[in-house]
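Thank you for making the time this morning. I would like to walk you through a structure that is new to most of you, and I will go through it one topic at a time.

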Amino acid sequence: MSKVVERNIHLAQSELEGFKENGFLNLGQVLSTKEVAKFLSMFDEDRRNYPYMWHPYGYRQEANYEALISSPRFDDLIRHPAILPKIEALMGGPVCFGEIGLRRMGAYEGEVHQAWHRDRGYWEEHPLRLDYLQLIVYLTDVDETTHCFSISTETVSDKPFKSANDQLRRSAATHLHGPAGTCALFNVALFHTATTRPTEADRKTVQIYYGHRDRAPLANDSGIPTRLSEHPHDEATRSFYGNINERTRLYMRAYGSDSANEH
């Protein structure tokens, strides 16, 4: 069973205790101005060059969950050296890629809208009940006048409610606001939502899932290119991208990869 790294140069004790208390960790403005400009340019180029990869998503959003295919340099963000070690410390060891979503929420004139949900249940065998972890990255400034990500925090020992209303009575919504470059980690078993507000501003995010290498794949939203899962020279890359979902296996069979028939 995975063990949380209690003392790790990449994860302060206060961060670990905060995650135990909330299931959520606001990392602050992790990305530099230069990095924000780089990833925002990649985001905008992806929408401009590959509009057929973008589809309506959720409430008043559009998204591309095949960003590793259309814009493979997002691997630089997925395995960001200032963030990935914190994820590994929380998860208790080496992790695997789950999925990546580029998501845009445009200008909106309606009422505030929320759709609270859990992505999956807790994994009770893990010290932090972590099965899959999400990194959310803001590529635009987010405040109380824009769309934002919202979460209802739970301690590592709280008994989970099935009803979002019951959970919100226990722990009111925490809204993640911050300048472009702000990043946060959370247990996807927590109730969370995109909060859609009347605004003229776009919200652009990258939302990345990480899991345990010996657990089942998260979902079938993102395909994994074989240049990563079958990297000819880098074992670390092969291992990180090696938890292949059925979507990827379908692509592999279509394009004749031997790995499609493994497992």
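**Salt bridges, a pocket and a few single residues**

Let me begin with a pair of charged side chains, those of Arg47 and Glu62, which meet in a salt bridge with a distance of 2.9 Å from N to O. Arg47 belongs to helix 2 and Glu62 to strand 3, which covers residues 61–64, so this pair ties together parts that are 15 residues apart in sequence. Please keep in mind throughout that what you see is a predicted model. As for its surroundings, Arg47 counts as partly exposed, because its relative accessibility is 28%.

The pair does not stand alone, since salt bridges with shared partners join Arg47, Glu62, Arg104 and Asp202 into one network. Across the whole structure, a search finds 17 salt bridges, and I will pick out two others.

In one of them, the side chains of Lys204 and Asp44 meet at 2.7 Å, again from N to O. Lys204 sits in strand 10, residues 203–212, while Asp44 sits in helix 2, residues 33–49, so the contact ties together parts that are 160 residues apart in sequence. Are the two partners buried or partly exposed? Lys204 counts as buried, because its relative accessibility is 11% and the cut-off for buried is under 20%, whereas Asp44, at 23%, counts as partly exposed.

The other salt bridge is formed by Arg118 and Glu154, whose closest N and O atoms are 2.8 Å apart. Here both partners lie in loops that are distant parts of the chain: Arg118 is in the loop between strand 4 (95–105) and strand 5 (132–138), and Glu154 is in the loop between strand 6 (148–151) and helix 6 (164–170), with their positions 36 residues apart in sequence. Arg118 is partly exposed at 21% relative accessibility, but Glu154 is buried at 2%.

Let me turn now to the largest pocket, which holds about 360 Å³ of space. Which residues are the closest to its centre? Of the 25 residues in the lining, they are Tyr57, Arg103, His117, Asp119 and His192. Strand 4, strand 5, strand 9 (192–195) and strand 10 each contribute at least two residues to that lining. Sorted by class, the lining of the largest pocket is made up of 10 nonpolar, nine polar and six charged residues.

Next, I would like to point out two backbone positions. Arg60, in the loop between strand 2 (55–57) and strand 3, has a phi near 60 degrees, a positive value in a residue other than glycine. Arg129 also has a positive phi, near 60 degrees, and this residue is found in the loop between strand 4 and strand 5. With a relative accessible area of 5%, Arg129 is buried.

My last stop is Thr182, which lies in strand 8, residues 182–187. Thr182 counts as buried because its relative accessibility is 3%. A polar atom of the Thr182 side chain lies 2.7 Å from the backbone oxygen of Pro179. Leaving aside residues up to four places away in sequence, Thr182 touches Asn26, Gly28, Gln29, Ile136, Val137, Tyr138 and Leu176.

That is where I will stop, and I am glad to go back to any of these places.

Conventions: Residues numbered from 1 in each chain as written. Predicted model: local features only at pLDDT ≥ 70, side-chain atom pairs only at ≥ 80, totals over all residues. Heavy atoms only, no water. Helix = DSSP H or I, 4+ residues; strand = E, 2+ residues; numbered from the N terminus. Buried < 20%, exposed > 50% of the residue type's maximum accessible area, 1.4 Å probe, protein only. Polar contact = N/O pair within 3.5 Å; in protein donor to acceptor, adjacent residues only side chain to side chain. Contact = heavy atoms within 4.5 Å. Salt bridge = Lys/Arg side-chain N within 4 Å of Asp/Glu carboxyl O. 1 Å grid on protein atoms, 1.4 Å probe; cavity = no way out; pocket = protein on both sides within 12 Å on 5 of 7 lines; lining within 4 Å. Points joined across faces, edges and corners; volume = space filled by probe spheres on them. Nonpolar A, V, L, I, M, F, W, Y, C, P; charged D, E, K, R; others polar.
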